[in-house]
Amino acid sequence: MAGSGEFERIERGEIRRQGIAVSAGIAIGRAYLVGRDSVKTPRHHIEAEEIEDEIARLKRAITASDRQLEKVKQKLASENESDFHILSAHQMMLHDEHLVDAAINYMRDESINAEWALRKAVDAIRAVFDAIEDEYFRERASDVEFVFERILRNLLGKDTGPLSPPPDAIVIAYDLSPADTSQLHRAAIAGLCTDAGGKTSHTAIIARAHELPAVVGLEDITEVVESDDLLIVDGTTGVVIVNPKRETVVEFREEQRRQAAAGAVLLSNRDLPAQTRDGVEVKLYANIDGPDELESALEHGAVGVGLTRTEYLFMTSETVPTEEVHFAQAVQVLKLMGGRPVTIRTFDLGADKLAGFLEETQLGEANPALGLRSIRLCLNELGRPLFRAQLRGLLRASAHGTLRIMFPMISGIGELRAAKAVVEDVKEELRREGVAFDEGIKIGIMIEMPSAAVTADLLARETDFFSIGTNDLIQYTMAVDRVNEAVSYLYEPLHPALLRLIAGVAKAARDAGISVTVCGEMAGDALVAPVLVGLGIHELSMSAVSIPEVKSSLRAITLSDVERLVRRVVDLPTAGEVKQAVEAYLDELGVQRA
Ligand code: PEP
Ligand code: MG
């Protein structure tokens, strides 16, 4: 009966879930579940000389699938034993000779592509299962299909093209790769929700950059929601409502209108200076992933770009970016910023930011966040040619505007010197070739590990500027995975340990006469920004959408007051008490916060 689905929906009633609010705003729309649709298997013949490459591609996809299953499995380990075992079985299937060897044989014998060969191997296994009388075993065929689907998705990778939700949909997924999220805003979706993730996961950062209301860390939202369910996502409070009642929709529409009006008022401060009441200027920059975010950066009042993440050049393309690609993107950013300063970070790949060329190397790592990533990768054999290509492109671009280059994840002086030596070498090469670049270009580093923070005085002598990456600094100081919702309660920007580290870095920069910015997500929090200013940080870089609110918060304070406040709060024992003290101070001033 046509109405039975509707009836079921009414029966299910309004369901509320609380997750981690990562990107403010209210979205109301229909659910679009990602990851449950099936993917078409491309079938074509290949040339004899392509066979080995094709086999290597299949093996990479299998290793990637293995790693993904391992991750899901570890999440389930403590709560659902039977799912844990099913996933272990799926992992075993990934390496089963009937699947892998059979697929490779098909590729060799019939000169066909990996996807087609895999499909044939799966069909052969299915035929065996289908012939079994026992229903339990017959049903295991669906497990083989599940494994097939996963390898297929990995094989197709970015080739599957962007996710294609309808406009105004709310995307629901277990997790999204940063590459997926970065494509989603183009689909004009209304919002997104994920089971996994934390406040500074890249999914969250991208959602904020594109002003997509988002809630992550919902744990089981993919189970609760069905395709096409009506949803309300409150990206400010972290509440998600499935099948809301009519009154609830009315209530949230009202709130949506109120927020839009408040946002318009905030935006009207775009051309006002970001200045405290006692006249101290705080420079507010934008963090961007690419030139398409610059219009919004300027609209929100950014006075420059404090962080350009260049990983996306690697993650959204099948091939690694060439010197020309780096050059062209940097020049485009400089031109669009019309003379305002721009800081570009050399690529920070690894851990949750994987690129195709890395998968094989990275997959064997037990602790990718502590492994061969970021500047370490740039300085090793695999990454060095790509690093040099990027440096050549960026140095050439420096002739076209005010460009600064910075290195991510510097652990100490040794790595700083090694990275600078590559820059010097590339500069020398350009001079020999007579290619123009800015001889006075500033080369700086991110401070995102405790080892760098506590040796900031030493580092300050050999670098032109610091940019504190608090997303990682919190992760490594608190030993808390920034994307693991189970421990997100430990991810506290106002923890005394963090405040002390930041104060030390600010002092080292001041003593050495170099500039220091905070470019982690905490810089964009209107409650936290005054504390950073009080700690001696007068340059903040953030998602552009946060600039108006941070600016209005800073325009309400005085430097002398926040310095006094900070002297008091660094001696408080917990982040909770620090937060209370700061809230009380801002409330007294009447500072509105989301
Ligand atoms: C950081 O770690 O704070 C940072 C800005 O870098 P990313 O978020 O890209 O790791
Ligand atoms: Mg970082």
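Is alanine 328 buried, partly exposed or exposed, and what is its relative accessibility? In this predicted model, alanine 328 counts as partly exposed, because its relative accessibility is 45% and the partly exposed class lies between the cut-offs of 20% and 50%. Alanine 328 belongs to helix α14, which covers residues 323-336. A partner from another part of the sequence can be picked out here: leucine 394 is 66 residues away along the chain, yet the C-alpha atoms of alanine 328 and leucine 394 are separated by 9.0 Å.

Two glutamines offer a helpful contrast with this alanine. Glutamine 91, found in helix α3 (residues 81-94), has a relative accessible area of 8% and is therefore buried, since buried means under 20%. The side chain of glutamine 91 is not without a polar partner: a polar contact of 2.9 Å joins it to the side chain of aspartate 66. Glutamine 475, located in helix α21, is likewise buried, because its relative accessible area is 7%. Here the side chain reaches a backbone atom, the nitrogen of arginine 482, at 2.9 Å.

Arginine 482 leads on to the ligand. There are 16 residues around ligand 1, and those that come nearest are Arg309, Arg345, Gly469, Asn471 and Arg482. Sorted by class, this shell holds seven charged, five polar and four nonpolar residues. Which elements give two or more residues to the shell around ligand 1? They are α9, spanning residues 202-209, and α21, spanning residues 470-478. Of the elements, α21 gives the most, with three residues. Helix α21 is also the place of glutamine 475, the residue whose side chain reaches the backbone nitrogen of arginine 482.

The individual contacts of the ligand can now be followed one at a time. In the side chain of arginine 482, an N or O atom lies 2.8 Å from an oxygen atom of ligand 1. For asparagine 471 the partner is a polar backbone atom, and the distance from a ligand oxygen is again given as 2.8 Å. Aspartate 472 takes part through its side chain, where an N or O atom is 3.0 Å from an oxygen atom of ligand 1. How much of the area that ligand 1 exposes when taken alone does the protein bury? Taken alone, ligand 1 exposes 290 Å², and the protein buries 100% of that. As for its location, ligand 1 sits in the largest cavity.

Conventions:
Residues numbered from 1 in each chain as written. Chains lettered and ligands numbered in written order. Predicted model: local features only at pLDDT ≥ 70, side-chain atom pairs only at ≥ 80, totals over all residues. Heavy atoms only, no water. Near = heavy atom within 4 Å. Polar contact = N/O pair within 3.5 Å; in protein donor to acceptor, adjacent residues only side chain to side chain. Areas by Shrake-Rupley, 256 points an atom, 1.4 Å probe, with all protein chains shown as cover. 1 Å grid on protein atoms, 1.4 Å probe; cavity = no way out; pocket = protein on both sides within 12 Å on 5 of 7 lines; lining within 4 Å. Sits in = over half its atoms within 2 Å of the grid points. Helix = DSSP H or I, 4+ residues; strand = E, 2+ residues; numbered from the N terminus. Nonpolar A, V, L, I, M, F, W, Y, C, P; charged D, E, K, R; others polar. Buried < 20%, exposed > 50% of the residue type's maximum accessible area, 1.4 Å probe, protein only.
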